[in-house]
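Welcome! Keep the sequence and the 3D view open while you work through these exercises, and try each task before reading its solution.

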Amino acid sequence: QVQLVESGGGLVRAGGSLSLSCAASGRISSTNPMAWFRQAPGKQRELVAAIDTSGRTTDYADSVKGRFAISRDNDKNTVYLQMNSLKPEDTAVYYCNVGYFAGGRYWSFNYWGQGTQVTVSS
């Protein structure tokens, strides 16, 4: 069993920052890669950032490179997403995820939390 609970979303003006947290429970959370996804209105859910078990290898969507940073604290079973220089197009529901790396990309298991809403105003 894997449970994921996202928090930290809110309303912020363009150029501002938010930090998201994902509290994970279950045997997978501390030993598997994890990721943040987002889903904006009218769009498919997309990968934002992924991180390996050690936290030393990360991958980002081109649209957020240089602005977002994913990190994890395995002792606390928590994954973070620091979001800086936010843009209106970052508006979405953000979800954390458990998965794995294979063939040069991140693959998702179908474990999802309830998501946390991020709204960026212009």
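**Exercise 1. The core**

Task: Find which residues have the most contacts inside the largest nonpolar core of this predicted model.

Solution:
- Step 1. The largest nonpolar core holds 28 residues.
- Step 2. Inside this core, Trp36, Leu81, Met83 and Tyr94 have the most contacts.
- Step 3. Now look at the strands: β3, β4 (34–39), β5 (46–51), β7 (68–73), β8 (78–83), β9 and β11 (116–121) each contribute at least two residues to the core.

**Exercise 2. The disulfide**

Task: Work out which cysteines are joined by a disulfide, and where they lie.

Solution:
- Step 1. Two cysteine sulfur atoms count as a disulfide if they are within 2.5 Å.
- Step 2. The sulfur atoms of cysteine 22 and cysteine 96 are 1.9 Å apart, and a disulfide joins these residues. The count by this rule is 1 disulfide.
- Step 3. Cysteine 22 belongs to strand β3 (residues 18–25) and cysteine 96 to strand β9 (residues 92–102), so the link ties together parts that are 74 residues apart in sequence.
- Step 4. The angle about the S-S bond is 45°, and the link between cysteine 22 and cysteine 96 is right-handed.
- Step 5. Are these cysteines buried or exposed? A residue is buried under 20% relative accessible area. Cysteine 22 has 0% and is therefore buried; cysteine 96, also with 0%, is buried because of that value.

**Exercise 3. Aromatic pairs**

Task: Classify the ring pair of phenylalanine 37 and tryptophan 112, then that of tyrosine 95 and tryptophan 112.

Solution:
- Step 1. The whole structure has 6 aromatic pairs.
- Step 2. For phenylalanine 37 and tryptophan 112, the ring centres are 5.1 Å apart and the planes meet at 85°, an edge-to-face pair.
- Step 3. Phenylalanine 37 is in strand β4 and tryptophan 112 in strand β10 (residues 105–112), 75 residues apart.
- Step 4. Phenylalanine 37 is buried at 11% relative accessible area, whereas tryptophan 112 is partly exposed at 31%.
- Step 5. Tyrosine 95 and tryptophan 112 have ring centres 6.2 Å apart and planes at 80°, so they too are edge-to-face. Tyrosine 95 lies in strand β9, and this pair connects parts 17 residues apart in sequence.
- Step 6. Tyrosine 95 is buried, with 12% relative accessible area.

**Exercise 4. A cluster and a charge**

Task: Find which residues form the aromatic cluster, and which rings arginine 45 lies over.

Solution:
- Step 1. One aromatic cluster is formed by Phe37, Tyr95, Phe101, Tyr106 and Trp112.
- Step 2. Arginine 45 lies over the face of tyrosine 95, 3.7 Å from the ring centre.
- Step 3. Arginine 45 also lies over the face of tryptophan 112, at 4.5 Å from the ring centre.

Terms used. Residues are numbered from 1 along each chain as its sequence is written. This is a predicted model: local features need pLDDT of at least 70, side-chain atom pairs count only at pLDDT 80 or more; totals for chains, interfaces and linings use all residues. Side-chain values use heavy atoms; hydrogens and water are left out. Helices (H or I, at least four residues) and strands (E, at least two) are DSSP runs, numbered from the N terminus. Buried means under 20% relative accessible area, exposed over 50%, partly exposed in between (1.4 Å probe, protein chains only). A nonpolar core is a set of buried Ala, Val, Leu, Ile, Met, Phe, Trp, Tyr and Cys residues joined through side-chain atoms within 4.5 Å. Rings of Phe, Tyr and Trp (its six-membered ring) pair if their centres lie within 6.5 Å; planes under 30 degrees apart count as stacked, over 60 as edge-to-face and the rest as tilted. A charge sits over a ring if NZ of Lys or CZ of Arg is within 6 Å of the ring centre and within 35 degrees of the ring normal.
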